[in-house]
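Visitor: I have a new model open and want a quick tour. Can you take my questions as they come?
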Amino acid sequence: MKENRYNMLLNTTHQNKEHKQIIRELVGTSFTLLKTFKLKGVGSKRMIISQVSPNLEQIINKSSDINYANLELRTEGILIYINKGLENFTWVIPYPQLVVFKGDELSLHAQGKFVRFKNNNMVRENKTFLNKMIEQKLIYEERYNFQDL
């Protein structure tokens with residue numbers, strides 16, 4: 001998979017300075033320890049993936065294995081971590097591109113891609129985290145006055 005600044009899906013199996021720089025430029029830095037403590041954490045518990053868009057199918061297990069993902073809040077967006085066997089992938093989503101749908105399932109959309117999560121106890125356990133994610137997105141948008149455009 002060719003990686004560049006416009007491909008916000010990164011193979012992060014091995015640490016890479018270029019990936020860290022891309023992530024920092026797109027979604028900002030990690031929260032400080034104090035801010036993480038005030039937010040009562042910036043990472044979700046793992047959730048079961050029920051479906052992904054066709055352009056993300058190459059990073060999930062094809063067999064009957066259960067696919068999991070975790071989310072991490074950043075100052076200007078989120079990271080979605082997906083494991084495929086021994087490989088790790090990170091989908092980088094800046095807040096202005098993030099769209100969240102909550103219906104029968106939780107669905108996160110951006111950049112013409114989506115991930116849907118099974119609406120089971122794992123999603124319900126992450127309700128506080130998901131509310132925090134939406135709140136951080138609103139704080140970001142207020143800071144840049146996106147609603148006035």
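Guide: What follows is a short question-and-answer walk through this predicted model.

Visitor: Start with the sheet. How many strands, and in what order?
Guide: The open sheet has 8 strands. Their order is β1-β5-β4-β3-β2-β8-β7-β6, with antiparallel pairing.

Visitor: Which strands stand at the edges?
Guide: β1 (9–11) and β6 (99–102) do. Each has a single partner strand, so one side of each has no neighbour in the sheet.

Visitor: What does the twist average?
Guide: The average is 30 degrees from one strand to the next.

Visitor: Over how many bridges do β2 and β3 pair?
Guide: Over 2 bridges, in the antiparallel sense. Ile48, for instance, has Tyr68 in β3 as its bridge partner.

Visitor: Now the helices. Which strands does α1 lie across?
Guide: Helix α1 (residues 17–27) lies across β1, β3, β4 and β5. Its angle to β5 is about 25 degrees.

Visitor: And α4?
Guide: α4 lies across β3, β4, β6 and β7. It runs at about 40 degrees to β3.

Visitor: On to the core. Which residues touch the most other members?
Guide: Ile78, Ile80 and Phe117, in the largest nonpolar core, which has 31 residues.

Visitor: Which elements supply at least two residues of this core?
Guide: β2, β3 (68–74), β4 (77–84), β5 (87–94), β7 (106–110), β8 (113–117) and α4 each do. The largest share, 4 residues, comes from α4.

Visitor: Is there another core apart from that one, and which residues are among its members?
Guide: Another core of 7 residues lies apart from it. Met8, Ile22, Ile23 and Leu79 are among them.

Visitor: Back to Phe117. What is it in contact with, neighbours within four places aside?
Guide: Phe117 is in contact with Met47, Ile48, Ile49, Ser50, Ala69, Glu105, Leu106, Leu108 and Val123.

Visitor: Switching to charges. How many salt bridges does the structure hold?
Guide: It holds 3 salt bridges. In one of them, Lys45 pairs with Glu125, and the closest N and O atoms are 3.9 Å apart. That pair links distant parts of the chain, 80 residues apart. Lys45 is in the loop between α2 (33–38) and β2 (47–52), while Glu125 is in helix α3 (residues 121–125).

Visitor: Why do Lys45 and Glu125 count as partly exposed?
Guide: The range for partly exposed is 20% to 50% relative accessible area. Lys45 is at 48%, so it falls in that range. Glu125, at 45%, is therefore partly exposed too.

Visitor: What about Arg74 and Glu72: how far apart, N to O?
Guide: Their side chains meet in a salt bridge at 3.0 Å. Arg74 and Glu72 are both buried.

Visitor: And Glu141 with Lys137?
Guide: That salt bridge is 2.8 Å, N to O. Both residues lie in helix α4 (residues 127–144). They are 4 residues apart, about one turn of the helix. Glu141 and Lys137 are buried as well.

Visitor: Last topic, backbone angles. What is phi at Lys40?
Guide: Lys40 has a positive phi of about 60 degrees, although it is not a glycine. Lys40 is in the loop between α2 and β2.

Visitor: Is Lys40 buried or exposed?
Guide: Lys40 counts as exposed, because its relative accessibility is 74% and the cut-off is over 50%.

Visitor: And what is phi of Gln111?
Guide: Phi of Gln111 is near 55 degrees, again positive in a residue other than glycine. Gln111 is in the loop between β7 and β8. At 27% relative accessibility, Gln111 counts as partly exposed.

Technical notes:
Residues are numbered from 1 along each chain as its sequence is written. This is a predicted model: local features need pLDDT of at least 70, side-chain atom pairs count only at pLDDT 80 or more; totals for chains, interfaces and linings use all residues. Side-chain values use heavy atoms; hydrogens and water are left out. A salt bridge is a side-chain nitrogen of Lys or Arg within 4 Å of a carboxyl oxygen of Asp or Glu. Buried means under 20% relative accessible area, exposed over 50%, partly exposed in between (1.4 Å probe, protein chains only). A nonpolar core is a set of buried Ala, Val, Leu, Ile, Met, Phe, Trp, Tyr and Cys residues joined through side-chain atoms within 4.5 Å. Contact means heavy atoms within 4.5 Å. Two strands pair if DSSP finds at least two bridges between them. Axes are lines fitted to C-alpha atoms, for helices over the stretch in contact, and angles run from 0 to 180 degrees between N-to-C directions.
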